[in-house]
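Colleague: Hi, have you got a few minutes to walk me through this structure? I'd like to get my bearings before going back to the bench.
Modeller: Sure, let me put it up.

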Amino acid sequence: MANEVLTVSPKILKEMKNYYQNYLKSSTPPGGNFAAKKAAVNITAYNSGKVLFQGHSAQQEAALWASKAMNKPTKKSSSNGSSLNTPLPVGFRNWSVIGSDEVGNGSYFGPLSVVAAYVDQSQLPLLKELGVRDSKDMKDAEIITVAKDLITFLPYSLLNVMPQKYNAIQPTMTQGKMKAVLHNQAIGHVMMKIQPATPDAILIDQFELPATYFKHIQDQPQKIKDAVYFQTKGEGHHLAVAAASIIARYAFLKSLDELTAEAKLKIPSGAGSNVDLVAAKLLKRGGLPLLGKYAKLHFANTEKAKKIAGFSN
């Protein structure tokens, strides 16, 4: 079983406890601040600031916090992949870049939506004029409007893994590997679309260590490794990632609307207590087979919904 340990400040420890609120265990070890289980990863945080990640995806989960940890790794070149980020060349934000991002990996309901999009340097002023920026700073209505404009002229690839397919893949593939494979495929699709042009670089919104990412795509028929950079909050480093994020969010929201219409029940995003109630209703209506059409079943919400619904199978 993989193990990762980080040391964080009291402020970050509080932030982590809030983040894992929906995954908390009922008890903590001596000296513990909190204990949680997210998917296949056990997280144990101690009052000393030490946080232990255990499980098959421990490295990926720890990577979410490594940039905030007091023992965060020193940035190194992408050749050894030991840094969370890969340093970007001067003037990178003005290059012609394929950006890649995903939406939905933290949401119990709905798909995992991965998008890669190519932005030529000549298009950067237009994207700024259209309001392309970090999608987290945009309301859903604006995201939908901007995305509808972007998909009319940007070369992009959307890979939308709906819950049923996600649930079929997940038992034999970690979410980290699934995302890496999807990013690699989406980027490959865009590179084919823009031929004979080639991007100056590729920027992936960081979700795991570069070395782990490249390990995950090692068995793929096409492995895109040249001029690939990784950055946390990639949308702040190049508009190509921001555009990809906006299109992915649009696709995710559209899928939720379609699932809502199909279920005749509002299907929400996120993984909070409100989704447990909706999941419980679906369980009572059609059991796990029905719930699996709408939700990522390996999330802790499934067990919570079972308890609410009094469901034992």
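Modeller: Let's start with the lining of the second largest pocket: its residues divide into 6 nonpolar, 3 polar and 5 charged. Keep in mind that this is a predicted model.

Colleague: Thanks. How much space lies in that second largest pocket?
Modeller: The second largest pocket holds about 280 Å³. It is lined by 14 residues, and those closest to its centre are Y23, K37, A300, E303 and K304.

Colleague: Which helix gives the most to that lining?
Modeller: That's helix α10, residues 301–309, which contributes 4 residues to the lining of the second largest pocket.

Colleague: Let's switch to the strands. Is β6 buried or exposed?
Modeller: Strand β6 covers residues 112–119, and 8 of its 8 residues are buried, so the strand is largely enclosed by the rest of the structure.

Colleague: Which residues sit on each face of β6?
Modeller: One side has L112, V114, A116 and Y118, and the other has S113, V115, A117 and V119. Both faces are covered, with every one of those residues buried.

Colleague: And what does β6 pair with?
Modeller: Strand β5, residues 97–103, pairs with β6 in the antiparallel sense over 7 bridges. Strand β7, residues 156–161, also runs antiparallel to β6, and 6 bridges join them.

Colleague: Could you give me some landmarks to click on? Which residue stands opposite S113 of β6, for instance?
Modeller: V103 stands opposite S113. You can also look at S100, whose bridge partner in β6 is A116. Towards β7, L112 stands opposite V161.

Colleague: How many residues of β5 are buried?
Modeller: In β5, 7 of the 7 residues are buried, so to speak a mostly covered strand. V97, G99, D101 and V103 point one way, while I98, S100 and E102 point the other way, and all are buried.

Colleague: What about β5 and β8, parallel or antiparallel?
Modeller: Parallel: β5 and strand β8, residues 201–205, pair over 4 bridges. A good place to look is I98, which has I202 as its bridge partner in β8.

Colleague: New topic. How many salt bridges does the count come to?
Modeller: The count comes to 7 salt bridges. One of them joins the side chains of E235 and K136, at 3.1 Å from N to O. E235 lies in the loop between β9 (228–231) and α8 (239–263), and K136 in the loop between α3 (124–130) and α4 (140–150), so the pair ties together parts that are 99 residues apart in sequence.

Colleague: Which category does each of those two fall into, buried or exposed?
Modeller: E235 is buried, because its relative accessible area is 6%, and the cut-off for buried is under 20%. K136 is exposed, with a relative accessible area of 64%.

Colleague: What does E262 form a salt bridge with?
Modeller: E262 forms a salt bridge with K293, and their closest N and O atoms are 3.2 Å apart. E262 is in helix α8 and K293 in the loop between α9 (273–291) and α10, so this pair ties together parts that are 31 residues apart in sequence. E262 counts as partly exposed at 43% relative accessibility, and K293 counts as partly exposed at 31%.

Colleague: Where does R133 come in?
Modeller: The side chains of R133 and E142 meet in a salt bridge, at 2.9 Å from N to O. R133 is partly exposed at 32% relative accessibility, and E142 is partly exposed with a relative accessible area of 29%.

Colleague: I've also got S135 on my list. Where does S135 lie?
Modeller: S135 lies in the loop between α3 and α4. S135 is buried, with a relative accessible area of 10%. Not counting residues up to four places away in sequence, S135 touches I143, S245 and I246.

Colleague: Last one, N3. Which strand is N3 found in, and what is N3 in contact with?
Modeller: N3 is found in strand β1, residues 3–7. Leaving aside neighbours within four places in sequence, N3 is in contact with L52, F53 and Q54. N3 counts as partly exposed, at 42% relative accessibility.

Colleague: And how far apart are N3 and T172 in space?
Modeller: N3 and T172 are 20 Å apart, C-alpha to C-alpha, and 169 residues apart in sequence.

Notes: Residues numbered from 1 in each chain as written. Predicted model: local features only at pLDDT ≥ 70, side-chain atom pairs only at ≥ 80, totals over all residues. Heavy atoms only, no water. Buried < 20%, exposed > 50% of the residue type's maximum accessible area, 1.4 Å probe, protein only. Helix = DSSP H or I, 4+ residues; strand = E, 2+ residues; numbered from the N terminus. Pairing = 2+ DSSP bridges. 1 Å grid on protein atoms, 1.4 Å probe; cavity = no way out; pocket = protein on both sides within 12 Å on 5 of 7 lines; lining within 4 Å. Points joined across faces, edges and corners; volume = space filled by probe spheres on them. Nonpolar A, V, L, I, M, F, W, Y, C, P; charged D, E, K, R; others polar. Salt bridge = Lys/Arg side-chain N within 4 Å of Asp/Glu carboxyl O. Contact = heavy atoms within 4.5 Å.
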